[in-house]
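Let's take a friendly walk through this structure, one region at a time. Please keep the sequence and the 3D view open as you read.

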Amino acid sequence: MNDFNLDEIKIHKMKFGDVDQVYAIEVDTFPTPWSKSSFLSQILRRRFNLYLVAKKDNEVLGYAGMVQRSKEGHITTIAVKNRFKRKRIGTILLIYLIKEAIKRGLVNLYLEVRESNKIAQEFYRKFKFSTIGRKIGYYSDTNEDALIMAMDNISNSKYKDFIFKIESDLLNK
Ligand SMILES: CC(C)(COP(=O)(O)OP(=O)(O)OC[C@H]1O[C@@H](n2cnc3c(N)ncnc32)[C@H](O)[C@@H]1OP(=O)(O)O)[C@@H](O)C(=O)NCCC(=O)NCCS
């Protein structure tokens, strides 16, 4: 059972002051974590990058990032604090990224995911992403392949309705 209501969670652009908490989640989550300075430099590029945090009061519960390249959005990261996983925080963050990508007129979204990371693949499939390719040995720490997952034509009205439906179901729970 959730120990909070989803409406207590606020989504903000990631600020310098969030980076210590973001980094703590990053280290807990990924075998080869980004450094603090990587996050700082990513959030400085405000025009093409969007980095978000999900917060309850002052606690960062999760974060996500997207880098815009022409009409494509590259989802570079998403993670939720262990204790708060499977409580829809990832969903809220991804909805924000997708809505912002639609607002910016992007055509598609893509990302790389470890082949062994079935949970993340399931998560993205829920948002209709599908596997479109593979990067052999992309993760140099384990030499694991990355699957490339993508969602094309995000601005079509069916997909927009689908995203708004997920959002309204969340808000009405
Ligand atoms: C992937 C991640 C961000 C999902 O965030 P979350 O807040 O825990 O997920 P949500 O509660 O929003 O779940 C949404 C859907 O994702 C899938 N999902 C999430 N956790 C899952 C799990 N443990 N097992 C199977 N499916 C899962 C389900 O389809 C779920 O919908 P459902 O609960 O109705 O079945 C989170 O698991 C995480 O931080 N993982 C580690 C970091 C990572 O792998 N990032 C992606 C790198 S590419």
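## Helix 1 and its two sides

In this predicted model, helix 1 spans residues 19-29, and its buried residues are Val19, Val22, Ile25 and Glu26. These four sit on the same side of helix 1, because they cover an arc of only 120° around the axis. The spacing fits a simple rule: an α-helix has 3.6 residues a turn, so residues three or four places apart point the same way.

What do the buried residues of helix 1 pack against? Their partners are helix 2 (36-44) together with strand 2 (49-56), strand 3 (59-69) and strand 4 (72-80). If you turn to the face of helix 1 pointing away from its buried side, you will find the exposed residues Asp20 and Asp28.

## Lys55, a buried lysine

Strand 2 also holds Lys55. Is Lys55 buried or exposed? Its relative accessibility is 13%, so Lys55 counts as buried, the cut-off being under 20%.

Which residues surround it? Setting aside neighbours within four places in sequence, Lys55 is in contact with Glu8, Ile9, Lys10, His12, Asp18 and Val60. Lys10 is worth a look here: Lys55 and Lys10 are 45 residues apart in sequence, yet their C-alpha atoms are 5.3 Å apart in space. With Asp18, Lys55 makes a polar contact of 2.7 Å between the two side chains.

## The hairpin of strands 6 and 7

Further along the chain, strand 6 (residues 130-139) and strand 7 (residues 144-151) run antiparallel and are joined by six bridges. To place one of these pairings in your viewer, start at Thr131, whose bridge partner in strand 7 is Met149.

Four residues lie between the strands of this hairpin, and Asn143 takes a positive phi near 65°.

## Around the ligand

How many residues are around the ligand, and which come nearest? There are 21, of which Arg86, Gly90, Thr91, Asn117 and Lys126 come nearest.

Several backbone atoms also lie beside ligand oxygen atoms. For Val80, a backbone N or O atom is 2.8 Å from an oxygen atom of the ligand. A polar backbone atom of Lys87 is 3.3 Å from a ligand oxygen, and for a polar backbone atom of Ile89 the distance to a ligand oxygen is 3.4 Å. Taken alone, the ligand exposes 930 Å², and the protein buries 82% of that.

Terms used: Residues are numbered from 1 along each chain as its sequence is written. This is a predicted model: local features need pLDDT of at least 70, side-chain atom pairs count only at pLDDT 80 or more; totals for chains, interfaces and linings use all residues. Side-chain values use heavy atoms; hydrogens and water are left out. Buried means under 20% relative accessible area, exposed over 50%, partly exposed in between (1.4 Å probe, protein chains only). Helices (H or I, at least four residues) and strands (E, at least two) are DSSP runs, numbered from the N terminus. The arc is that of the directions from the helix axis to the C-beta atoms. Contact means heavy atoms within 4.5 Å. Two strands pair if DSSP finds at least two bridges between them. A polar contact is a pair of N or O atoms within 3.5 Å; within protein, one must be able to donate a hydrogen and the other to accept it, and residues adjacent in sequence count only if both atoms are side-chain atoms. A residue is near a molecule or strand if one of its heavy atoms lies within 4 Å of it. Accessible areas come from the Shrake-Rupley method with a 1.4 Å probe; for residues, only the protein chains shown count as cover.
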